[in-house]
Amino acid sequence: MDTLSTEQRSRLMSRIRGRDTGPELLIRSMVHKLGYRFRVHRRDLPGTPDLVFPARRSVLFVHGCFWHGHSCRCGRRPSSNVAFWDEKIRKNKERDARVRMQLRRAGWRVLAVWQCEIKDGSTLEKKLTGFLERQAAGGRPGRRCS
Ligand SMILES: [Zn+2]
């Protein structure tokens, strides 16, 4: 069910689309509190990642569930203009995949955090530290020295 009017939705979307959105600010302050140093919006990198950890060669994107086509409740598409939204979101997802590939080829590790994941702070914190610490340990996920 699409309960928002077209006007409401476009207002909402332009907010979500803009830089320095609520979810992104929340992530930044969480990462900061965890003690990691980062840069924001490095335009010289593919896709202009939201957070960049140069020393860890890692980047982080904060994805709005709607625009990036997440399979959660927030990612549901409007019931009107179905073809239009399908096409738009399909293109966004393609771009995301291309950007991830370009970054990985250039030696960056990439993590995407979904907007809906931010609600659960402790799980998100684990995800973030897991990602960033793995990198510090030499970029070998799941391997430990005995
Ligand atoms: Zn989501």
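A residue counts as buried under 20% relative accessible area, as exposed over 50%, and as partly exposed in between. In this predicted model, Asp86 has a relative accessibility of 33% and is therefore partly exposed.

**Salt bridges**

Asp86 is paired with Arg77 in a salt bridge whose closest N and O atoms are 2.6 Å apart. Arg77 has a relative accessible area of 36%, so this residue is partly exposed. The structure holds 8 salt bridges, and three of the pairs are set out below.

| Basic residue | Acidic residue | N to O distance |
|---|---|---|
| Arg42 | Asp44 | 2.8 Å |
| Arg77 | Asp86 | 2.6 Å |
| Lys127 | Glu117 | 2.9 Å |

The side chains of Lys127 and Glu117 meet at 2.9 Å, N to O. This pair links distant parts of the chain, its members being 10 residues apart. Lys127 belongs to helix H4 (residues 121-136), whereas Glu117 sits in the loop between strand S4 (109-114) and H4. Lys127 is partly exposed because its relative accessible area is 27%. Glu117, at 24% relative accessibility, is likewise classed as partly exposed.

In the pair formed by Arg42 and Asp44, the acidic residue, Asp44, has a relative accessibility of 57% and therefore counts as exposed. Salt bridges also join Glu87, Arg90, Lys91 and Glu94 into a network.

**Zinc site**

Which residues of the protein hold the zinc ion? Its protein donors are Cys65 and Cys72 and Cys116, each through SG, together with His70 through ND1. These atoms lie 2.0 to 2.4 Å from the zinc ion. Along the chain, the donors of the zinc ion follow the spacing C-x4-H-x1-C-x43-C.

Why is the arrangement around the zinc ion described as tetrahedral? Four donors qualify if all angles lie between 85 and 135 degrees. The 4 donor atoms here subtend angles of 102 to 119°, and the arrangement is therefore tetrahedral.

Are the donors Cys65 and His70 buried or exposed? Both residues are buried. For Cys65 the relative accessible area is 0%, which means that this residue is buried. Cys116 is also buried, because its relative accessible area is 18%, and the limit for that class is under 20%.

**Cysteine pairing**

A disulfide would require a pair of cysteine sulfur atoms within 2.5 Å. By this rule the structure has 0 disulfides. Three cysteines, Cys65, Cys72 and Cys116, instead appear among the donors of the zinc ion through their SG atoms.

Methods
Residues are numbered from 1 along each chain as its sequence is written. This is a predicted model: local features need pLDDT of at least 70, side-chain atom pairs count only at pLDDT 80 or more; totals for chains, interfaces and linings use all residues. Side-chain values use heavy atoms; hydrogens and water are left out. Donors are N, O and S atoms within 2.8 Å of the metal (3.2 Å for Na, K and Ca); water is not among the atoms, so sites may look incomplete. Four donors count as tetrahedral if all angles lie between 85 and 135 degrees; four count as square planar and six as octahedral if opposite donors are over 155 degrees apart and all others between 65 and 115; anything else is irregular. Buried means under 20% relative accessible area, exposed over 50%, partly exposed in between (1.4 Å probe, protein chains only). A salt bridge is a side-chain nitrogen of Lys or Arg within 4 Å of a carboxyl oxygen of Asp or Glu. Helices (H or I, at least four residues) and strands (E, at least two) are DSSP runs, numbered from the N terminus.
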